[in-house]
Amino acid sequence: MDVVNGVGGAFVSLEDLHRSYQLGEARVEALRGINLQLKKGEFTAILGASGSGKSTLLNMLGCIDVPNKGRVLIDGVDILRLTEGAKSRFRNERLGFIFQSFNIIAVLSVYDNIMLPLLINPLIPASERHQRVMDLIVDVGLEPQARSLSNKLSGGQRQRVAIARALVTDPVLVLADEPTANLDSETTQQIIDVMMSMNAKRHVTFFFSTHDEKLIRQVNRVVRIKDGRIVE
Ligand code: ADP
Ligand code: MG
């Protein structure tokens with residue numbers, strides 16, 4: 001893969017990103033020229049109302065969707081120039097995802113859920129898998145539940161599993177789409193704290209979306225999105 005420099009040497013660089021959807025006769029402009037740079041190790045929140053374009057933007061970074069126009073660089077890789085196979089390898093090996101609805105597998109234990117991404121990641125030797133999973137279980141505070149089935153867990157515990165699973169492959173970038181939207185305010189605070197401590201300890205770049213104004217005091221960088229544009 002060619003290494004390309006982003007604007008100002010940024011670790012993640014989104015350049016003039018446009019994405020529209022055709023809905024019958026109507027054209028929905030979900031992203032209208034997004035320019036955004038993230039530094040390595042930065043913890044950034046994107047704040048915007050429902051429908052403002054947060055998920056669309058995260059899907060571009062996650063190599064899940066492609067823009068109509070623009071450029072996406074992550075760690076020197078020009079994502080839109082990758083073949084489909086290279087893109088899915090990049091996604092599996094270099095990115096971590098955390099979702100609003102947790103998306104963990106209910107019939108597997110905490111341990112097995114966190115192990116899953118390692119089983120399909122050829123970069124990490126089998127001999128390292130167990131230790132990696134155990135380190136993350138300790139870091140997210142789920143040691144007593146390690147062998148519990150995930151369907152026995154609370155929402156906050158499920159999101160801890162999801163955070164551990166997102167981090168176990170040592171991704172360069174973790175994307176979290178409204179990870180606290182289904183949690184009460186106390187649990188929300190705990191989940192933000194876990195993500196921030198992971199960011200501090202492992203120097204992983206985090207980008208997470210929220211519509212919750214209360215969260216903006218917690219994080220060191222907030223960008224606002226409105227009608228598909230970054231507004232501050
Ligand atoms: P958010 O995550 O901030 O709630 P989204 O990125 O999901 O916002 O949506 C931004 C806009 O794009 C909305 O108007 C939404 O209706 C529209 N949109 C998103 N995905 C699609 C799609 N697959 N087809 C049509 N319109 C879509
Ligand atoms: Mg969304």
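**Two open sheets and a ligand shell in a predicted model**

Strand 1 and strand 2 form a hairpin in which two residues lie between the strands, and G24, located in the turn, has a positive phi of about 65°. The model described here is predicted, and the values that follow were computed from it. Within the hairpin, strand 1 and strand 2 run antiparallel and are joined by ten bridges. Among the individual positions, S13 has Q37 of strand 2 as its bridge partner, while L14 stands opposite L36, also in strand 2.

The hairpin belongs to an open sheet of four strands, which has the order 2-1-4-5 and antiparallel pairing. Strand 2 and strand 5 (77–78) are the edge strands of this sheet, each of them pairing on one side only. Strand 1 is also joined to strand 4, to which it runs antiparallel, by five bridges; in this pairing, the bridge partner of H18 is K69 of strand 4. Helix 1 packs on the sheet, where it touches strand 1, strand 2 and strand 4 (69–74), and its direction makes about 125° with that of strand 1.

Elements of this region also contribute to the surroundings of ligand 1. Strand 1 (12–23), strand 2 (26–38) and helix 1 (54–61) each supply at least two residues of the shell around the ligand, and helix 1 gives the most, with three residues. The residues that surround ligand 1 are Y21, L23, V28, A30, A49, S50, G51, S52, G53, K54, S55 and T56. Sorted by class, this shell has five nonpolar residues, six polar residues and one charged residue. Oxygen atoms of the ligand take part in several polar contacts: one such oxygen atom is 2.6 Å from an N or O atom in the side chain of T56, an oxygen atom is 2.8 Å from an N or O atom in the side chain of K54, and an oxygen atom is 3.1 Å from a polar backbone atom of G53. Taken alone, ligand 1 exposes 560 Å², of which the protein buries 64%.

A further open sheet is formed by six strands in the order 6-7-8-3-9-10, and its pairing is mixed. Strand 6 (95–99) and strand 10 (229–230) stand at the edges of this sheet with a single partner strand each, so that one side of each is left without a neighbour in the sheet. Within the sheet, strand 3 (residues 43–47) and strand 8 (residues 205–210) pair in the parallel sense over five bridges, and the bridge partner of A45 in strand 8 is F208. Helix 2 (residues 84–94) lies across strand 6 and strand 7 (173–177), running at about 75° to strand 6.

The surroundings of one residue, R132, were also examined. R132 has its place in helix 4 (residues 126–139) and, when its neighbours within four places in sequence are left aside, is in contact with L118, I124, V168, T169 and D170. For V168, one of these residues, the backbone oxygen lies 2.9 Å from a polar atom of the side chain of R132. The C-alpha atoms of R132 and N199, which are 67 residues apart along the chain, are separated by 16 Å.

Conventions: Residues are numbered from 1 along each chain as its sequence is written. Chains are lettered from A and ligands numbered from 1 in the order in which they are written. This is a predicted model: local features need pLDDT of at least 70, side-chain atom pairs count only at pLDDT 80 or more; totals for chains, interfaces and linings use all residues. Side-chain values use heavy atoms; hydrogens and water are left out. A residue is near a molecule or strand if one of its heavy atoms lies within 4 Å of it. A polar contact is a pair of N or O atoms within 3.5 Å; within protein, one must be able to donate a hydrogen and the other to accept it, and residues adjacent in sequence count only if both atoms are side-chain atoms. Accessible areas come from the Shrake-Rupley method with a 1.4 Å probe; for residues, only the protein chains shown count as cover. Ala, Val, Leu, Ile, Met, Phe, Trp, Tyr, Cys and Pro count as nonpolar, Asp, Glu, Lys and Arg as charged, and the others, Gly among them, as polar. Two strands pair if DSSP finds at least two bridges between them. Contact means heavy atoms within 4.5 Å. Axes are lines fitted to C-alpha atoms, for helices over the stretch in contact, and angles run from 0 to 180 degrees between N-to-C directions.
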